[in-house]
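Hi,

Here's the structure I said I'd pass on to you. Have a look at it first, and then read my notes below.

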Amino acid sequence: MADTITLAKTRSSVADSLRCQGAGMPDPNGPRGAKPRRRFSRRNIFLYGTLILIGAYYLLPLYVMIVTSFKGMPEIRLGNIFSPPVEITYQPWIRAWAEACTGLNCDGLSRGFWNSVQILIPSVVLSIAVASVNGYALANWKFKGSEVFFTILIFGAFIPYQVMLYPIVILLRELGLFGDLSGLVLVHTIFGMPILTLLFRNYFTSLPEELFKAARVDGAGFWGIYFRIMVPMSIPIFVVAVILQVTGIWNDFLFGVIYTRPDQYPMTVQLNNIVNSVQGVKEYNVNMAATLLTGLVPLTIYFISGKLFVRGIAAGAVKG
Amino acid sequence: MGQPSYSVEIHKVDLSFGSVEVLKDLTLSIHEGEFLVLLGSSGCGKSTLLNCIAGLLDVSDGQIFIKGRNVTWEEPSHRGIGMVFQSYALYPQMSVEGNLSFGLKNAGMPKAEIEKRVARAAEILQIEPLLKRKPAALSGGQRQRVAIGRALVRDVDVFLFDEPLSNLDAKLRADLRVEIKRLHQTLKNTMIYVTHDQVEAMTLADRIAIMKGGAVQQLGSPDEIYNRPQNKYVADFIGSPSMNFVEGTLNGSGMRVTDHTIPMNGYAYSTKHSGETPSWIGIRPEQVVTGEAAKAAPFSTTVEVELVEPMGSDKLVWGQFAGMPFRFRMDGQATVLPGEVMPLGFDPAVASLFDRATEQRI
Amino acid sequence: MAVDASGASGDVPTVGQGARSNGPENRAPAKRPFQLFRNLNAKIASIPMVATALFVFVGCTLWTVVYSFTGSRMLPRFNFVGLDQYERLWSTRRWLVSIENLAIYGVCSLVFSLVIGFTLAALLDQKIRFENTFRTIILYPFALSFIVTGLVWQWILNPEFGLQRTVRSWGFESFTFDPLFTPSIVIYGILIAALWQGTGLIMVLMLAGLRGIDSSIWAAARVDGIPKWKTYVFIIIPMMRPVFVTALVLIAAGIIKVYDLVVAQTNGGPGIASEVPAKYVIETMFRAQNLGQGFAASTMMLVTVLIILIPWAYLEFGGKKRG
């Protein structure tokens, strides 16, 4: 032990003397160039191993859904939930889409799909139109009290829907919209408003204020600035809002079940009725095909939009 | 009020946001064709004032006249002003041409006239080759030129500039500064220019209004502001490196600073004073002479050098005079080392005296 | 007053001499005559927001609170019964089970979401390759409906055909994992599904928070020789306080709203073992036709939210004023 120390000492003193003699010449045998890195270091194996396990866990349900939906019922009864289908059958998908029964209707999820589409399109358009103009007014045309209403709106987002469900039934009934798809569109517009208004307000606030001032000097008014200056500059945030609303409204269950009649139920409600119906034999493969079908729209949007989806939820959440 | 040549008049303007008073009873008149610079540190209300003139902010009280017309409640686009912003504020989705013509289109001007004006502005600013480009494809200097062009096409009497050069690098800033000055000489419009940069203010202005706390501290030509600052704030704000202030007492025989007496006979007093007045004497570092010249100066003393900051063309030397830090300028080629004792002197006639109680010029 | 003001109004352009001859001193102070019409377009554009804020968020909420003191059954009736509905509520076993479930689910969901979310974010923040892929995989459940999530986990946790049987078929004959049909642990079965769906969001928030931290902090910690885990615990996490608060509020808001997931996964079963308050409210209001009871239960949910929201608002906005 002591030897090594002396050795090290001598070595360094030798190096020192060498350096002196060589007039500032550094030790040529020391580390030089890029620090060596091992690709399969213990840290990396641990890190990637953990991540792969986690990834497998998160992917597992999707995998189970897919394999189950392509199996026949006998295979499901006998085999293992994780094993891939021995014999691929498309029958469950066809049954789920066109034949599965809810109550008296036996025309499958397709009915719910088209209902959802009918609800989705006007809801997305209306909620975004209203919220973007709102957010613009809040960002650039503040008036006395505007911030107060905005604060109420944001806090309103935290009120459990259950508190407002019944009075809204009364409101819709008074307006003659209860049980009608347009009533549900209105409900989606109302409950989408806090998050969307926040999203747009924050975005419009982040645009340079001088641009707005320049447009005013140029004589553009409220709508002129909105349509000519703000909207063309805000395409990304509109895309984010569309993603947010499409997934949110498509996935809605509560409003759909309360504010529509059974023949207008959106896809999620119909899906739940198909899968959790107590009558008849359970067809797990059909159930999983139906579940996948319902999840397909938001999943497609998610995988296509990628970063924008993340940006949407982060923008909506972080600044909230 | 008999002079009709005022282009912009700001009369007793107040502006407060809640309990914060940003502008306080501010009155300012700007001559026809004048280049007025509003100068001050951030938060002094200079940009706020400009926004009030433009009509982008509503005043709480008072009036604003442009060309003799009360525009206090007028929309920005109806005030006869053009404005250039710090961040250029070009509409990113429109081409340069679109940017220039947007305001004219909004005003419902016939197409032929729009084209004529855009062409003229482009010619003056030499941006003709850029007309079809989008702002993103322009350099900072080009963008600012387009922003000026947008004000130019409006063919207005008053140009408002809100720190237009702050986003540019030093060299470009110097170039565009000259260009703005040239533009003013060509167009002879009234221009109101907000900046925090005193070099810009000194070089461009016919008159400078130095602002602090929402009020004008001094309004005068660059020469007046530099040589006869009205109060200690202005004296300290203008000039770089800033003025030396030495505490002392002013009496009949001159300014007594510890054991020195500075003779003040050449000094042009602004106010009458009598008896002993605690005051500051302010001397700009460039007004101090050293070496042989010091001995010939009306007042001379010696100072031990503490620190030297070479700046190329000259050297800034730090020392102490009467126990207070004292800076002076020397030639860039001079050799001077810390510890050296230097003779130095100045002419008290060019110095400034301020009352220590009121901070006003004596 | 109005005449006087419009005479001095700048909206009527007065030119040159005319304006000057009045002299600035004689003018009325600058106040617009009609405050209501200023910014008129902005006000029109804000009508939906104002209506939503006032009629829905404030109006409907107050309405429900008021009617929770009535004996309304099938239709709302204004017959005041004092606290009867609340007394009945708190002596209903189903409500008590709901509250207990919500408490267990809430605490576990908060703790696990934050811990898992942060850990995942920290793992992804190690300058790894395929970061986007991993993030995409962990976040995708968040895009799915609670109904879809509930149904797929119902299937996986199915004792007859799901995970339990598969593990048994591998030779672990006595393996038992049957939360959805075991009343005492059914809520944990729901928790598994909820965490699978929701942790991705928390991870993304935390990751954004981690990325928002000045890289010179890491450099400084490295120069000072502070181990990585210590840097996380003592420097990074305290710096991420706002992100944690946001995550906390989001998770808490989600906990109280939990409804669809339970409906899909267990429908409150077995028996009433996995009931939750939101479900209780909807079923008493729309199935049992017992409106007053539903109003009282939903008012209790509102109170719970306020208990969480008020301290948060105080911390967030009260703190800003001081700073």
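One definition before we start: helices here are DSSP runs of H or I at least four residues long, and strands are runs of E at least two long, both numbered from the N terminus. With that in hand, take helix α4 of chain B: right behind it comes D155(B), which has a positive phi near 55°. Bear in mind throughout that this is a predicted model.

**Helix α4 of chain B**

Let's stay with this helix for a bit. How far apart are the end C-alpha atoms of α4(B)? They are 20 Å apart, and that agrees with what you'd work out on paper, because 14 residues (140-153) at 1.5 Å a residue should span 20 Å. Is α4(B) mostly covered or mostly open? Mostly covered: 11 of its 14 residues are buried. Among them are R143(B), R145(B) and R150(B), along with V146(B), I148(B) and L152(B). The cover over these buried residues includes β6, α2, α3 (111-125), β7 (158-162) and α5 (170-187), which also belong to chain B.

**A similar story in chain C**

Now jump to helix α15 of chain C, which runs over residues 277-287. This helix is mostly covered too, with eight of its 11 residues buried. The buried ones include P277(C), K279(C), Y280(C), I282(C) and M285(C). Just after α15(C) you'll find Q289(C), and its phi is positive as well, at about 55°.

**A little sheet in chain B**

Chain B as a whole has nine helices and 21 strands. Its C-alpha trace spans about 75 × 45 × 35 Å along the principal axes. Of its 362 residues, 45% count as buried. Residues 24 or more positions apart make up 66% of the chain B contacts with a separation of 6 or more.

One piece to find on screen is an open sheet of three strands in chain B, in the order β15-β20-β16, with antiparallel pairing. Why is one side of β15(B) and of β16(B) left without a neighbour in the sheet? Both stand at the edges, β15 at 289-290 and β16 at 299-304, and each has a single partner strand, so there is nothing in the sheet on the other side. As a reminder, strands of a sheet pair through backbone hydrogen bonds, either parallel or antiparallel. Here β15(B) pairs with β20(B), residues 341-346, in the antiparallel sense over two bridges. If you want to see a bridge, look at T290(B), whose partner in β20(B) is L344(B).

**How the chains touch**

Chain A is in contact with both of the others. Between chains A and C, 68 residues of A meet 72 residues of C. On the chain A side, helix α2(A), residues 42-69, gives the largest share, 11 residues. That side divides into 47 nonpolar, 21 polar and no charged residues.

Between chains B and A, the contact takes 17 residues from B and 14 from A. On the chain B side, β6 (81-84) and α2 (96-106) of chain B are the elements that give two or more residues. Of these, α2(B) gives the most, with three. By class, that side has 11 nonpolar, six polar and no charged residues.

**The nonpolar core**

Which residues have the most contacts inside the largest nonpolar core? They are A290(A), I53(B), L160(B) and I192(B), and the core has 266 residues. Helix α10(C), residues 186-211, gives the most to this core, with 15 residues. To get a feel for one spot in it, click on I192(B): leaving out residues up to four places away in sequence, it touches V8(B), I30(B), L36(B), L38(B), L50(B), I53(B), V158(B) and L160(B).

**Chain A, and where to be careful**

Chain A has 15 helices and zero strands. Buried residues make up 44% of its 320 residues. The average pLDDT of chain A is 84, and 89% of the residues score at least 70. Within chain A, confidence is highest in helix α5(A), residues 110-140, at a mean of 94, and lowest in helix α1(A), residues 2-21, at 46. Over residues 1-22 of chain A, pLDDT stays under 50, and the model has four contacts beyond four places in sequence for that stretch. Where pLDDT is low, the predicted coordinates should not be read in detail.

Have fun with it!

Note on methods:
Residues are numbered from 1 along each chain as its sequence is written. Chains are lettered from A and ligands numbered from 1 in the order in which they are written. This is a predicted model: local features need pLDDT of at least 70, side-chain atom pairs count only at pLDDT 80 or more; totals for chains, interfaces and linings use all residues. A residue is buried if 20 or more other C-beta atoms lie within 10 Å of its own, exposed if 12 or fewer, and partly exposed in between; C-beta atoms are placed from the backbone. Two strands pair if DSSP finds at least two bridges between them. Two residues are in contact if their C-beta atoms, placed from the backbone, lie within 7 Å. Ala, Val, Leu, Ile, Met, Phe, Trp, Tyr, Cys and Pro count as nonpolar, Asp, Glu, Lys and Arg as charged, and the others, Gly among them, as polar. A nonpolar core is a set of buried Ala, Val, Leu, Ile, Met, Phe, Trp, Tyr and Cys residues joined through C-beta atoms within 7 Å. The expected span of a helix is 1.5 Å times one less than its number of residues. pLDDT is the predictor's confidence in each residue, from 0 to 100.
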